[in-house]
Amino acid sequence: MAEERLIDDDKDRKYKTRINEDGEEVLVIDTSPEIEEEVESIEFEVPELCEDDEEAAVMTPEQLAARERAKQEAEQQRIDEISQNTVFAKQLISEQKFDDCVFVCDNILQLDRANAEAYALKTVALTADFSNLNRAEEGLEAAEGFKTFASAQDKAEYADILEKAVKILPELQSQTAELNEKNNSAKALRRRAFVKKRDKSAIFLAASGIPMLVFAVLATYFSTIMHAEKDGSNMVLFFVFLGVAAAFFVATIIALRAFWSSAKLVSRNEKNSSSKLGREYEAKNTQLKFISTLVSAFDNADNSECAQLGD
């Protein structure tokens, strides 16, 4: 029992060897205080996670930190690319390489669809610095983009666009109004002729269609009683009415095609795309909308709230 107590008392003690006076190694109890080793801890900055981020739920802090660094690097690369392309677009405009500038601006907008500067540069490039408005439809989209996302600073930087747009706006308004008046007058003249033709074909359709129905009904009736008379008179009447109904049926088909054709002319006449003058008016009206939208983009002092919504 005494040995067991000694063993229990010594089980937590530490021993070390020491050389005694006789030069022999002996075992002695180590009474020096214990020094705890400090373990260097590695700290990771764990980003805030979205509740729906299922991928992050199974990632370690090291992986999360690495992913966050990759995102920051990608974002910085995107910003740098936008900046480089913007400088390049301005250079292309100064060299009057407008088609190339449009391509570069589109690249910028793929990276940042709310980039007001890219929309402004694109309007200049699409119009060859406001000397040609043939690409007004594309320009209208760019003008709407600038109007939506431009801040007060953007408007101040590109105030020269407003000056050029205001300069050509009155002439566009006058040309569009003149073309509209000519187009409407030409429509009215054609409308009277087409409506007259349609009305005639409608009368022809009625004149052939109504008798066809009458004789078709008579032929149907006599088909039910053609054997009632022994002399065969009902059968004769049946074939007569059937033949006349067939003749009017052919006439009705011809009248129906004429009516349908004339009705289509009346309908197409109201579309501007159906005539050269109408297409010219539509093109000029699109140019007017483009320049008017561009001018109105500078009306408000600040569209920064709208720009933030587009991010």
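**Entry 1. Lys-122 and its partner**

I began with Lys-122, which counts as buried at 13% relative accessibility. The model is a predicted one, and I kept that in mind throughout. I then looked for the partner of this lysine and found that its side chain meets that of Asp-106 in a salt bridge, at 2.7 Å from N to O. Asp-106 belongs to helix α4 and Lys-122 to helix α5, so the pair ties together parts that lie 16 residues apart in sequence. I noted Asp-106 as partly exposed, at 29% relative accessibility.

**Entry 2. Other salt bridges**

I next took the count of salt bridges, which comes to 11. I looked up the pair of Lys-182 and Glu-178, whose closest N and O atoms are 3.5 Å apart. These two residues are four places apart in helix α8, so about one helical turn separates them. Lys-182 is partly exposed, with a relative accessible area of 44%; for Glu-178 I recorded a relative accessible area of 44% and, again, partial exposure.

I also recorded a network of salt bridges that links Lys-90, Glu-117 and Glu-157.

**Entry 3. Around the loop between α3 and α4**

Here I checked the salt bridge between Glu-95 and Lys-97, with 3.4 Å between the closest N and O atoms. Glu-95 counts as partly exposed at 38% relative accessibility, and Lys-97 counts as partly exposed at 41%. I then turned to Gln-96, which is placed in the loop between α3 and α4. Its phi is near 60°, a positive value in a residue other than glycine. I entered Gln-96 as exposed, with a relative accessible area of 59%.

**Entry 4. Two further loop residues**

In the loop between α5 and α6 I looked up Ala-128. Although Ala-128 is not a glycine, its phi is positive, at about 50°. At 22% relative accessibility, Ala-128 counts as partly exposed, since the limit for buried is under 20%.

The loop between α9 (233-269) and α10 holds Ser-275. I found this serine to be buried, with a relative accessible area of 13%. Leaving out residues up to four places away in sequence, Ser-275 touches Asn-183 and Arg-190.

**Entry 5. The nonpolar cores**

Which residues have the most contacts inside the largest nonpolar core? I listed Cys-101, Phe-130, Phe-146, Ile-161, Phe-290, Ile-291 and Leu-294, in a core of 42 residues. The elements that give two or more residues to this core are α3 (61-94), α4 (98-111), α5 (116-126), α6 (136-149), α8 (159-225) and α10 (276-296). The largest share, eight residues, comes from α5.

I followed one of the listed residues, Ile-161, further. With neighbours within four places in sequence set aside, Ile-161 is in contact with Ala-120, Thr-123, Val-124, Phe-130, Leu-294 and Phe-298. Of these contacts, Phe-130 and Leu-294 also appear in the list of residues with the most contacts inside the core.

Apart from this core I noted another, of five residues, among them Ala-219, Phe-222, Phe-238 and Phe-241.

**Entry 6. Aromatic pairs**

I found seven aromatic pairs in the structure. Stacked or edge-to-face: how are the rings of Phe-215 and Phe-248 arranged? Their centres lie 5.9 Å apart and their planes are at 10°, so I entered the pair as stacked. Phe-215 lies in helix α8 and Phe-248 in helix α9, so this pair ties together parts that are 33 residues apart in sequence. Both rings belong to partly exposed residues: Phe-215 has a relative accessible area of 23%, and Phe-248 one of 27%.

I then checked Tyr-221 and Phe-222, which form an edge-to-face pair with 5.2 Å from centre to centre and 75° between the planes. Tyr-221 counts as partly exposed at 48% relative accessibility, whereas Phe-222 counts as buried at 13%. Phe-222 is also among the residues of the five-residue core.

Finally, I recorded that Phe-215, Tyr-221, Phe-222, Phe-241 and Phe-248 form one aromatic cluster. Phe-241, like Phe-222, is among the residues of the five-residue core.

Technical notes:
Residues are numbered from 1 along each chain as its sequence is written. This is a predicted model: local features need pLDDT of at least 70, side-chain atom pairs count only at pLDDT 80 or more; totals for chains, interfaces and linings use all residues. Side-chain values use heavy atoms; hydrogens and water are left out. A nonpolar core is a set of buried Ala, Val, Leu, Ile, Met, Phe, Trp, Tyr and Cys residues joined through side-chain atoms within 4.5 Å. Buried means under 20% relative accessible area, exposed over 50%, partly exposed in between (1.4 Å probe, protein chains only). Contact means heavy atoms within 4.5 Å. A salt bridge is a side-chain nitrogen of Lys or Arg within 4 Å of a carboxyl oxygen of Asp or Glu. Rings of Phe, Tyr and Trp (its six-membered ring) pair if their centres lie within 6.5 Å; planes under 30 degrees apart count as stacked, over 60 as edge-to-face and the rest as tilted.
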